[in-house]
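Q: Please take a close look at the aromatic rings in this structure. I am new to it, so walk me through how they are arranged.

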Amino acid sequence: MSIRSTLRRTAIAAVAATAAIALVACSPAASDAGDDASTENPYGLITPGEIRVASLGDSKPYTFTDESGEFTGFDVELFTDVANRIGIEKVVFTGQDFSGLLAAVANGQFDVGVAAIGITEERKETVDFSDGYLAGYLTVMASPDSDISDEDSLAGKRLGVVQGTLQEAYAVKNFTDTELVRFPDNNSAISAVNSGSVDAHFLDYEAAKEYAAQYGLENAIDIPSFDAPAGFAIAQGKDEFKEALNEALHEAMEDGTWKELYEKWFPGSPMPDQYLPSDEQGEGEGE
Ligand code: SNW
């Protein structure tokens with residue numbers, strides 16, 4: 001094809017696209033005649049029929065990329081299942097730094113943030129959350145030769161945290177004699193532990209377990225974070241989307257899908273009660 005005809009085709013395509021956008025923008029039907037607009041895009045997604053997800057590439061087993069670059073992990077599989085239940089097959093995950101993730105959801109670059117994101121009042125000032133789907137521990141991970149074994153033993157030590165995490169906030173508040181070293185992601189913090197430039201890294205329990213096994217480190221301190229269960233973060237005011245996600249999430253809990261994914265991704269971890277099918281709750285407590 002000649003350059004000229006390519007240019008011409010591009011120009012025609014551009015004009016057509018602009019006209020289409022203008023039509024949509026001017027048409028009163030697009031905004032208020034509920035029917036058409038809401039059947040096509042009832043959840044107010046950036047691209048109708050597709051959910052764009054802000055996530056993390058290095059929080060195995062919650063969210064991570066496998067050898068072929070595909071996103072997988074507990075949160076990824078759970079969210080994909082939930083999305084499918086609300087009729088969305090196309091779920092596109094993108095890796096972000098944790099520190100920018102909630103802002104990217106709030107300002108509409110993504111439909112949802114999925115990355116073991118704890119629900120807190122402070123975060124709710126910028127984004128909404130689905131109901132919780134995971135409650136666990138924040139873990140300080142160190143080399144087995146270190147003398148870090150409790151919060152007091154962190155005094156005078158250098159501790160890695162990922163910027164913007166609950167670990168950072170907890171450390172700022174509670175580890176006042178510890179030097180905090182901020183990292184953009186877990187991988188860079190773990191490298192620093194391995195090279196000795198920090199004494200320990202503070203991250204989510206299951207991710208710590210994973211890195212511990214990989215690098216011969218150990219979980220030195222576990223701090224409950226049950227008051228901030230993880231939820232799916234969505235932009236404020238998308239109530240239909242949020243309600244649909246919640247309904248689907250509870251279905252996934254009730255039919256045992258949640259439990260299956262939990263056992264798959266967190267083998268050997270204590271099974272929490274509140275997300276199991278209702279007829280299985282209270283079992284194993286000796287009641
Ligand atoms: O608050 C916990 C929750 O109880 C569960 O253990 C999953 O992790 C948390 O949501 C905390 N997660 C951190 C946060 O929300 C770090 C997230 C990350 O590194 N991806 O800041």
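A: One aromatic cluster is formed by Y62, F74, F79, Y133, F232, W258, Y262, F266 and Y275. The model behind this is predicted. A search of the whole structure finds 19 aromatic pairs.

Start with F74 and Y262, two members of the cluster. Their rings form an edge-to-face pair. The centres are 6.3 Å apart, and the planes make an angle of 85 degrees. This pair links distant parts of the chain. F74 belongs to helix α4 (residues 74-85). Y262 belongs to helix α11 (residues 257-265). In the chain, 188 residues separate them. Both F74 and Y262 are buried.

Now turn to Y211 and Y215. Their ring centres also lie 6.3 Å apart. Their planes, however, stand at 20 degrees, so this pair is stacked; the cut-off for stacking is under 30 degrees. Both residues sit in helix α9 (residues 205-215). They are 4 residues apart, about one turn of the helix.

How exposed or buried is each of these two? Y211 has a relative accessible area of 7%. Buried means under 20%, so Y211 is buried. Y215 has a relative accessibility of 39%. Partly exposed runs between 20% and 50%, so Y215 counts as partly exposed.

One more ring has a charged partner. R52 lies over the face of F110. The distance from the ring centre is 5.4 Å, and the cut-off for such a contact is within 6 Å.

Conventions
Residues numbered from 1 in each chain as written. Predicted model: local features only at pLDDT ≥ 70, side-chain atom pairs only at ≥ 80, totals over all residues. Heavy atoms only, no water. Phe/Tyr/Trp six-rings, centres within 6.5 Å; stacked < 30°, edge-to-face > 60°. Helix = DSSP H or I, 4+ residues; strand = E, 2+ residues; numbered from the N terminus. Buried < 20%, exposed > 50% of the residue type's maximum accessible area, 1.4 Å probe, protein only. Lys NZ or Arg CZ within 6 Å of the ring centre and 35° of its normal.
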